[in-house]
Amino acid sequence: MMSTENSQIYPWQTSVWETLTQRFPKIGHGLLFYGKDGSGKHAFTQHFVAWLLCLDKQPEAACGECASCMWLKSDTHPNYVHITTDEDNKKQNAKIKIEKIRDLQPFVQQTGEGWRVIVIEPAEALNIASSNALLKTLEEPGERVILILMANHYLKLPATIRSRLQHFALDRVSHSQAQIFLETKLDNKLHPQIPLLMGLSNDMPLQALTLSNAEWLKQREAFLADWQTLVINKSMPMQYATKWNKHLVFSDFMTMFEYLLSDLICIKLNQRVKNSDLDFSQIVDYYNLEQLFEIYHDVQHFKQLVEQNVQNNLIVDQLFIKLMNVHS
């Protein structure tokens, strides 16, 4: 299911919207919408799907009132299919199985009223078998069928698939667009933090907006101070681990830690840090680059252990011991 509730076009997507809607119906049957997390590609795709299926299209949006719009809102539209990974298989490397693509054939070949739309996401989850099955659909689509693939990293798609799609980037955000958007959405007192939020968010405004409310963002300085004290005094790792297990939920703690660790690596490589408001000058001298990469590797391993149901607090305990046991 793809909800229509968050459907909208963001300011950085208006030119793509105009290109697609003004060319319609001569837009080809295979479209690739791609963009980084936080670019708003899901909202754009929802908006466009509703517009394609609408029986009373307006230039800026679907009418929201016709039979087609009502079907879409209730997730009962006969001319719309949404394909993603299985609900019970949402792990990082879950794949879209070939059966789901094969099952499209009757839908693609049927004739009837109106346009038919298929959305596949994340497109990177297509495996070799399902990609090959999709090629047949792309090469021999039925009439009035539009297939939309959504991707974060479109280069991960097979070249055979990419070459049969028209590509539309939904994450081309200018600095001024991001600034204006965030100023309208954020409280005035947070405006000075916009460069920091954008830096931590891969320059994606929606990520920055979500991040502005993150509890870990306010805790970075306190954590860095504890980390510094731990590595200087070489004592009490378990007390610090207990403290931070209470302060932040595990996923937030690990997100915060990875950002800070990445910045230490950046300093060693003479690159810009993302946590531009923090002072790393003391702690950076206690680690060499090799040690930092080793810790980074450990963190990835810890995340795998969590998926295997190892207790979060044991992992944080291990991390603090590793952070303490460095030899400068």
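**Exercise 1. Chain overview**

Task: Among contacts between residues at least 6 apart in sequence, what percentage joins residues at least 24 apart?

Solution: In this chain, 72% of such contacts join residues at least 24 apart. The model is predicted. Next, take the elements: the chain holds 15 helices and five strands. Then take the extent: along its principal axes the C-alpha trace spans about 75 × 45 × 35 Å. Last, take burial and surface. Of the 328 residues, 46% are buried. The chain exposes about 17,200 Å², and carbon and sulfur atoms supply 50% of that area.

**Exercise 2. Two aromatic pairs**

Task: Classify the ring pair Trp17 and Phe48, and say where each residue lies.

Solution: The chain has 23 aromatic pairs. For Trp17 and Phe48, start with the distance: the ring centres are 6.0 Å apart. Now the angle: the planes stand at 85°. Planes over 60 degrees apart count as edge-to-face, so this pair is edge-to-face. Then place the residues. Trp17 sits in helix H1 (residues 14-23) and Phe48 in helix H2 (residues 41-53). They are 31 residues apart, and the pair links distant parts of the chain. Both Trp17 and Phe48 are buried.

Task: Classify the ring pair Phe253 and Phe257.

Solution: The ring centres of Phe253 and Phe257 are 6.5 Å apart. Their planes lie at 15°. The limit for stacked is under 30 degrees, so the pair is stacked. Now check the sequence positions. The two residues are four apart in helix H13, so about one helical turn separates them. Phe253 is buried, as is Phe257.

**Exercise 3. The aromatic cluster**

Task: Which residues form one aromatic cluster with Trp17 and Phe48?

Solution: The other members are Phe24, Phe33, Phe44, Trp51, Trp115 and Phe168. Now look at Trp51 in this cluster. Lys57 lies over the face of Trp51, at 5.3 Å from the ring centre. A charge counts as over a ring when NZ of Lys is within 6 Å of the ring centre and within 35 degrees of the ring normal.

**Exercise 4. A nonpolar surface patch**

Task: Which residues join Leu269 in a nonpolar patch, and why can Leu269 belong to a patch?

Solution: The partners of Leu269 are Phe293 and Tyr296. Together the three residues have about 270 Å² of accessible area. Next, locate Leu269: it lies in the loop between helix H13 (250-268) and helix H14 (289-307). Now test exposure. Patch residues need over 30% relative accessible area. Leu269 has 39%, so it is partly exposed and passes that cut-off.

How values were computed
Residues are numbered from 1 along each chain as its sequence is written. This is a predicted model: local features need pLDDT of at least 70, side-chain atom pairs count only at pLDDT 80 or more; totals for chains, interfaces and linings use all residues. Side-chain values use heavy atoms; hydrogens and water are left out. Patches are made of residues with over 30% relative accessible area and no salt bridge: like charges are joined within 9 Å, nonpolar side chains (Val, Leu, Ile, Met, Phe, Trp, Tyr) within 5 Å. Accessible areas come from the Shrake-Rupley method with a 1.4 Å probe; for residues, only the protein chains shown count as cover. A salt bridge is a side-chain nitrogen of Lys or Arg within 4 Å of a carboxyl oxygen of Asp or Glu. Buried means under 20% relative accessible area, exposed over 50%, partly exposed in between (1.4 Å probe, protein chains only). Contact means heavy atoms within 4.5 Å.
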